[in-house]
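I opened a new notebook page for this chain. The plan is to look up helices, buried residues and cores, and to write down what turns up.

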Amino acid sequence: MAYSKRHQVTSWLADVSRMAPVGTDEQAWLSEAWLAEFATVGIHSVALIMPLGLHNQLVVENVLTDGRRYARAEVQFFSDIPAALDWLAPTVAQALDLERQWEHAKLQPTAESLLLL
C-alpha cells in the first residue's frame, strides 16, 4: 500500500488464487485493519483472481462486503491473468505490455513484483 500511495497507483491486480487458507483472526484483521488502510490509498480498480478453494472464496466475498463501508473501488473477478489485465489496461497495446511484464515478474526470485500501467 505504501508503494501505491507513493507512486499514485490507482489499479491493482490481486492474484489470490493459490492463497493458503485464511483463518478467522486473519479475516478479522483484513476486515478491520487492512480495509481501513486500503481506503486511504486511492485505488479505483481491482482485478481479482479468485481463490481456488471455496473457503477462501467465501472469505474474499465477506471481506469485500465489509469493505463497502471503507472504499469505493470497482472490483471485478477473473479466473485468469490475461483477462484481468485486459480489463485493467485502457488499450490493447498496454494490456499486451502488462502481460509481458507479468510473465517476466513471475520469473523473478523476489516476492515483490509490481506491474506499471
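The entries below go from one helix to its contacts and then to the cores.

**Entry 1: the model.** I note at the start that this is a predicted model.

**Entry 2: helix α3.** I looked up the extent of α3 and found residues 54-67, 14 residues in number. From the first C-alpha to the last, α3 reaches 20 Å, close to the 20 Å expected at 1.5 Å a residue.

**Entry 3: the buried side of α3.** Which residues of α3 are buried? I listed N56, V59, V60, V63 and G67. They cover an arc of only 100° around the axis, so they sit on the same side of α3. I then checked what lies over these buried residues, and the cover includes α2, β2 and β3, the last being residues 74-78.

**Entry 4: V63.** I picked V63, which lies in helix α3. Its relative accessible area is 9%, and V63 is therefore buried, the cut-off being under 20%. Setting aside neighbours within four places in sequence, I found V63 in contact with Q27, L30, S31 and L35. I also took one C-alpha distance: V63 and E26 are 37 residues apart along the chain, and their C-alpha atoms are separated by 11 Å.

**Entry 5: S31.** I followed the contact from V63 to S31. S31 belongs to helix α2, residues 24-38. Is S31 buried or exposed? S31 counts as buried because its relative accessibility is 4%. Leaving out residues up to four places away in sequence, S31 touches V63, D66, R69 and Y70.

**Entry 6: the largest nonpolar core.** How many residues does the largest nonpolar core have? I found 12: L13, A47, I49, F78, I81, A84, L85, L88, A89, A95, L98 and W102. Three elements each supply at least two residues of this core: β2 (45-49), α4 (81-88) and α5 (92-106). The largest share comes from α4, with 4 residues.

**Entry 7: A84.** I looked up one member of the largest core, A84. Not counting residues up to four places away in sequence, A84 touches L13, A47, I49 and F78. Each of these contacts is also listed in the largest core.

**Entry 8: the second core.** I then searched for another core. A second, separate one has 7 residues, among them V9, W12, I43 and A71.

**Entry 9: cross-check.** I went back to β2 and noted two entries for it. β2 is part of what covers the buried residues of α3, and β2 also supplies at least two residues of the largest nonpolar core.

Methods. Residues numbered from 1 in each chain as written. Predicted model: local features only at pLDDT ≥ 70, side-chain atom pairs only at ≥ 80, totals over all residues. Heavy atoms only, no water. Buried < 20%, exposed > 50% of the residue type's maximum accessible area, 1.4 Å probe, protein only. Contact = heavy atoms within 4.5 Å. Core = buried A, V, L, I, M, F, W, Y, C linked by side-chain atoms within 4.5 Å. Expected span 1.5 Å × (residues − 1). Arc of directions from axis to C-beta.
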